[in-house]
Amino acid sequence: MLTIHTTETMPTTSAFRIPVADLLRRPGAARAVHVSGVLAEVGGPGAAISSGEPIVVDATLERVSEGIVVRGAITAPWSAACSRCLQPVSGALSVEVGELYERDPLEGETYPLSDDDVLDLEPLVRDALLLELPAVPLCRPDCAGLCPRCGVDRNTTTCDCADDEPDPRWAALRSLDL
């Protein structure tokens, strides 16, 4: 049987896939990485990472006995519609991370280190950003929202809709004497 060994690094298909064979051979070694790339479909119910905008990872990869620890920051722009008035709103996220990559990962606790000695930051980036995206984005804290009757934006226009009429579903509570 013929076995061929090569020292050539494997080409990566994503900016977030980092060869780490050199770190795995040297316990205690560390390396700083700066990675920038675009990920498709990173979003939650309220907001999403702006499509086509780069996500930046500045981190240190450190070899420990269990595998490789990734410590650093992830930054990305996000966009959404205001939850009250539906106007476009955007911002930037900056998330601090500290996670372990190992050969035999614990489900939901650590990330997998591939057999080809490549560390894939994409799952970590997705998880960290999804947890930090605003669930209820607002254009400003005092947003007045839309009128439920006529639909005008109360931030820019006042409407003549009367708010005097109480909700009939609460009528039974008005008869209570507390």
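Leaving aside neighbours within four places in sequence, with which residues is Glu-53 in contact? Figure 3 gives the answer. The model is predicted: local features need pLDDT of at least 70, side-chain atom pairs count only at pLDDT 80 or more, and totals for chains, interfaces and linings use all residues. Residues are numbered from 1 along each chain as its sequence is written, and side-chain values use heavy atoms, with hydrogens and water left out.

**Figure 1. Overview of the chain, with three helices and eight strands.** Helices (H or I, at least four residues) and strands (E, at least two) are DSSP runs, numbered from the N terminus. From the N terminus on, the order of elements is β-α-β-β-β-β-β-β-β-α-α. The chain has a radius of gyration of 25 Å, well over the 16 Å given by the globule rule for 178 residues, so it is more spread out than a compact globule. This radius is taken over C-alpha atoms, and the globule rule is 2.2 Å times the number of residues to the power 0.38. Along the principal axes, the C-alpha atoms fill a box of roughly 85 × 40 × 30 Å. Of the 178 residues, 33% count as buried; buried means under 20% relative accessible area, exposed over 50%, and partly exposed in between (1.4 Å probe, protein chains only). Contact means heavy atoms within 4.5 Å. Among contacts between residues at least 6 apart in sequence, 54% join residues at least 24 apart.

**Figure 2. The aromatic pair of Tyr-101 and Tyr-111.** A search of the whole structure finds one aromatic pair. Tyr-101 and Tyr-111 form this pair, which is stacked, with 5.3 Å centre to centre and 25° between the planes. Rings of Phe, Tyr and Trp (its six-membered ring) pair if their centres lie within 6.5 Å; planes under 30 degrees apart count as stacked, over 60 as edge-to-face and the rest as tilted. Because Tyr-101 lies in strand 6 (residues 88-102) and Tyr-111 in strand 7 (residues 111-112), the pair ties together parts that are ten residues apart in sequence. Both Tyr-101 and Tyr-111 are buried.

**Figure 3. Surroundings of Glu-53 in the loop between strand 3 and strand 4 (55-64).** Apart from neighbours within four places in sequence, Glu-53 is in contact with Gly-37, Val-38 and Pro-77. Its relative accessibility is 38%, so Glu-53 counts as partly exposed. The C-alpha atoms of Glu-53 and Arg-84 are separated by 25 Å, and these two residues are 31 residues apart along the chain.

**Figure 4. Two residues with positive phi, Glu-41 and Asp-117.** Most residues other than glycine have a negative phi. Glu-41, although not a glycine, has a positive phi of about 55°. Glu-41 is placed in the loop between strand 2 (30-37) and strand 3 (47-49), and its relative accessibility of 78% makes it exposed. Asp-117, also not a glycine, has a positive phi of about 60°. The loop between strand 7 and strand 8 (118-120) holds Asp-117, which is partly exposed with a relative accessible area of 22%.

**Figure 5. Val-89 in strand 6 and its contacts.** Val-89 has 12% relative accessibility and therefore counts as buried. Not counting residues up to four places away in sequence, Val-89 touches Trp-78, Ser-79, Ala-80, Ala-81, Cys-82, Pro-137, Leu-138 and Cys-139. From C-alpha to C-alpha, Val-89 and Cys-143 are 12 Å apart in space, with their positions 54 residues apart in sequence given as the separation.

**Figure 6. Thr-156 in the loop between helix 2 (122-132) and helix 3 (171-174).** Thr-156 counts as exposed, at 64% relative accessibility. The C-alpha atoms of Thr-156 and Ile-55 are 34 Å apart in space, and the two residues are 101 residues apart in sequence.
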